[in-house]
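Q: Please give a close look at one single part of this structure, and then place that part in its wider surroundings. A formal, connected account suitable for a first-year student would be welcome.

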Amino acid sequence: MDDKDPRRFEELVSISDSVQTMYGDELTDSIVKDIYTFAEAITKKAVTKKSQRKMNFDKKIDDLLTSRILGFPIMFLLLGVVFWITITGANYPSQILANLFFWLEDKLTYLFMAADSPKWLHGILILGMYRTLAWVVSVMLPPMAIFFPLFTLLEDLGYLPRVAFNLDKLFKKAGAHGKQSLTMSMGFGCNAAGVIACRIIESPRERLIAVLTNNFVPCNGRFPTLIALATIFVGGLVSSRYSTIVASLFITLLVVFGIAITLIVSWILSKTMLKGVPSTFTLELPPYRKPQIVRILYTSLIDRTIFVLGRAVAVAAPAGLVIWILANVRIGDMSILNHLSMFLHPFARIIGLDGFILMAFIIGLPANEIVVPIIIMSYMAKGAMLELESLAEMKELFIANGWTFLTALNVMLFSLLHFPCATTLWTIKKETGSSKWTILSALIPTAIAIVVCFIVASTARLLGSV
Amino acid sequence: MGLTCDSCGKGILKKKFNIKCGEEFVVALAGNPNVGKSTVFNELTGLKQHTGNWPGKTVVNARGNYEFNKKKFILMDLPGTYSLFANSVEEQVARDFICFGRPDATIVVVDGTCLERNLNLALQVMEITNNVVVCVNLMDEAERKGIFIDIKALEEELGVPVVATVARKGQGLDELRKRVFNIALGVENPKPKKMTYSKTVEEAIEKIQPQIHKILKGKLDSRWVALRLIDGDKTIIDSIHEYIYDDKILEIQGEEVLVNGR
């Protein structure tokens with residue numbers, strides 16, 4: 001016990017103080033230098049270098065990828081190529097999966113009829129739950145199975161730190177921390193993960209900025225929505241030969257827009273609520289690595305694709321059930337679903353959406369993945385009962401329900417900018433430990449989404465009426 | 001020196017780092033960011049955690065288990081740091097774990113392609129504890145870059161076991177497990193080459209080291225603590241207070257509760 005005597009600790013403190021007055025910082029540099037010299041001496045004895053060729057090669061690539069002029073174009077080009085491969089590659093398997101699911105749906109329906117089960121049971125289980133699941137799997141799985149491995153490949157090659165390097169300057173200009181470019185990149189995978197990644201930012205002020213703005217890059221849950229809508233509505237604007245290119249270009253633009261909003265909001269925050277000077281840090285560019293193909297496939301297929309899909313399915317199945325009930329239980333002469341959407345409709349029109357879409361975004365709070373499935377289900381439950389076998393038929397369904405290019409554009413913008421999903425909000429609450437910032441992290445994006453959609457919708461209306 | 005008081009080291013592990021260890025040996029995993037530390041961690045423990053390729057990936061300490069030669073090991077993944085000077089929270093966490101947690105062995109993963117820069121951390125860890133294994137990772141990349149590392153010579157220069165690995169291909173990990181096993185069980189007792197500093201620094205150390213030794217009584221390496229004080233590092237004082245002296249306060253409180261209970 002004697003050696004834990006607090007007086008001994010006081011002695012230690014006094015030694016520390018006297019050493020401080022004696023030397024100050026005088027010897028700090030010397031200590032560091034000595035260690036470096038020692039390390040150098042050891043290295044000399046144990047390491048022999050043959051050539052510098054490979055190093056120079058790495059440096060040349062770095063100069064190109066992070067160059068002032070070409071850095072950004074290369075970045076957007078790569079992103080565009082990734083989207084293009086995803087859209088092109090996903091069409092065919094989507095079709096096959098959809099066919100398979102609806103073939104199975106027919107069989108299941110026969111089974112229900114043979115068993116003489118009540119009509120509502122078939123409605124809830126097949127038309128409600130099964131169809132939503134089928135849609136989620138057939139439309140979301142193929143793009144994810146292509147997009148995630150490609151994205152992980154870029155990550156594994158060591159490209160993402162270069163992206164961070166390119167964006168670093170912009171973030172500093174916005175009054176935020178350079179590391180925010182990294183946490184933002186994480187957000188492309190999952191905003192909740194991005195928010196957790198903000199721990200790498202030491203300053204609380206800059207960490208909050210990063211947390212509050214992480215939502216402005218589309219996560220895995222929202223990419224499938226954006227890809228599907230861009231493919232049918234934006235790609236559909238031009239002849240089929242160019243449609244995929246135009247669609248991928250458009251998604252790239254959306255991402256750039258999201259990054260721009262991130263920077264603008266960061267700048268505004270750092271000038272108002274979260275004032276301060278950005279702290280500096282050194283971003284080290286790791287060497288390029290040969291990608292580990294097996295690990296990439298494992299990570300992107302199991303960890304990401306199955307995870308996202310699993311979450312979508314887990315949330316979509318009960319949501320499908322709820323929606324079916326809402327659509328089939330009537331109050332007065334209208335279903336509950338119609339009542340709700342009628343209530344939201346006037347406001348939704350102002351921002352270029354409709355009542356069903358806005359409701360889908362609200363019901364989709366637990367997981368962004370299910371927003372489009374909910375929209376589809378609401379429309380189908382409304383009476384337009386058609387089988388959804390492909391993107392083309394999804395488009396027909398949407399158009400039949402009054403969608404235009406403008407509607408699709410606003411849905412995509414709203415999806416990009418609106419409140420984060422429940423998981424992310426919960427993570428923000430845990431990370432910041434503050435209800436105020438959690439509420440703000442939902443309000444700020446939602447306000448921006450509403451304003452942007454309002455501007456787009458009004459501009460289009462003005463132009464249209466002229 | 002570092003392990004003269006094994007039992008209280010484990011006590012601190014349990015109390016402050018929330019690690020229960022009965023039969024298990026505790027192994028810390030240190031290293032610079034981006035040297036494949038997480039890959040080594042995953043390969044040793046069999047966890048399929050995703051390993052990222054950018055700085056600052058490991059913020060929270062990850063923990064895993066593995067078995068070797070019928071002995072159980074707990075592996076603590078420390079934050080990736082360039083030094084142990086406690087410039088950042090990560091550095092302080094890593095330092096405190098090695099210093100006060102007293103793991104049975106500490107693996108320092110270094111990047112074979114830039115050994116010189118990475119050795120700084122290894123040398124600093126070796127100042128705190130003798131039980132160090134240096135794991136030179138990314139040997140394949142080093143080779144491709146025309147860098148040849150004489151592992152034997154390095155081992156001699158450092159005075160601790162050195163193992164060459166290509167973690168992502170699983171190469172050299174069995175040897176790493178073996179050397180960790182040897183150190184944890186005392187089969188190997190490394191004698192790290194202690195750094196000699198420039199004259200003024202050494203003189204300053206000489207002045208205060210005896211007093212510090214009297215106070216700490218071998219709980220920590222007194223030379224190292226002296227160096228930290230000369231360095232002007234205030235965090236070490238705080239940490240010593242938290243990890244060593246706070247125990248006393250806790251114990252007193254515990255006794256009081258007992259007395260009142262009667």
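A: A helix is here a DSSP run of type H or I with at least four residues, and helices are numbered from the N terminus. The model under discussion is predicted. The part chosen is helix α2 of chain B, which spans residues 37–45. Directly after α2(B) comes B:G46, a residue with a positive phi near 80°.

A residue counts as buried if 20 or more other C-beta atoms lie within 10 Å of its own. Eight of the nine residues of α2(B) are buried, so this helix is largely enclosed by the rest of the structure. The buried residues are B:K37, B:S38, B:T39, B:V40, B:F41, B:N42, B:E43 and B:L44. Their cover includes the strands β1, β2, β3, β4 and β5 of chain B, together with the helix α7 (173–184).

The strands in that cover lead to the sheet of chain B. This sheet is open and has six strands, in the order β2-β3-β1-β4-β5-β7, with mixed pairing. At its edges lie β2 (62–68) and β7 (162–164), each of which pairs on one side only. From one strand to the next, the twist averages 25°. At the β7 edge, β5(B) (residues 132–137) and β7(B) are joined by three bridges in the parallel sense, and B:V136 has B:A164 as its bridge partner in β7(B). Helix α4 of chain B (residues 115–128) lies across β1, β4 and β5 of the same chain, and runs at about 165° to β4(B).

Chain B also meets chain A. In this interface, 53 residues of chain A are in contact with 53 residues of chain B. Several elements of chain A each supply at least two residues of the side that touches chain B, among them α1 (6–23), α3 (53–65) and α12 (293–328). The largest share of that side, 13 residues, is supplied by α2(A). By class, the side of chain A consists of 24 nonpolar, 10 polar and 19 charged residues. Strand pairing also links the chains: β1(A) and β6(B) (residues 147–149) pair in the antiparallel sense over three bridges. Within this pairing, A:K49 has B:I147 as its bridge partner.

Chain A itself contains 19 helices and three strands, and 44% of its 466 residues are buried. One of its covered helices is α9(A) (residues 204–213), in which nine of the 10 residues are buried. These include A:L208, A:I209 and A:V211.

A pair of helices in chain A completes the picture. Two packed helices are described by the angle between their axes and the distance between the axes. The axes of α10(A) (residues 223–234) and α11(A) (residues 240–271) come within 9 Å and cross at roughly 130°. The two helices are therefore oblique to each other, and their crossing is right-handed. A:L226, A:I227, A:A230, A:T231 and A:V234 of α10(A) make the contact with A:V246, A:A247, A:F250, A:I251 and A:L254 of α11(A). Nine of these contact residues are nonpolar, one is polar and none is charged.

Notes
Residues numbered from 1 in each chain as written. Chains lettered and ligands numbered in written order. Predicted model: local features only at pLDDT ≥ 70, side-chain atom pairs only at ≥ 80, totals over all residues. Buried ≥ 20, exposed ≤ 12 C-beta atoms within 10 Å, placed from the backbone. Contact = placed C-beta atoms within 7 Å. Nonpolar A, V, L, I, M, F, W, Y, C, P; charged D, E, K, R; others polar. Pairing = 2+ DSSP bridges. Axes fitted to C-alpha atoms, helices over the stretch in contact; angles between N-to-C directions. Parallel < 35°, antiparallel > 145°, perpendicular 65-115°, else oblique. Left-handed = near helix turned anticlockwise from the far one by under 90°.
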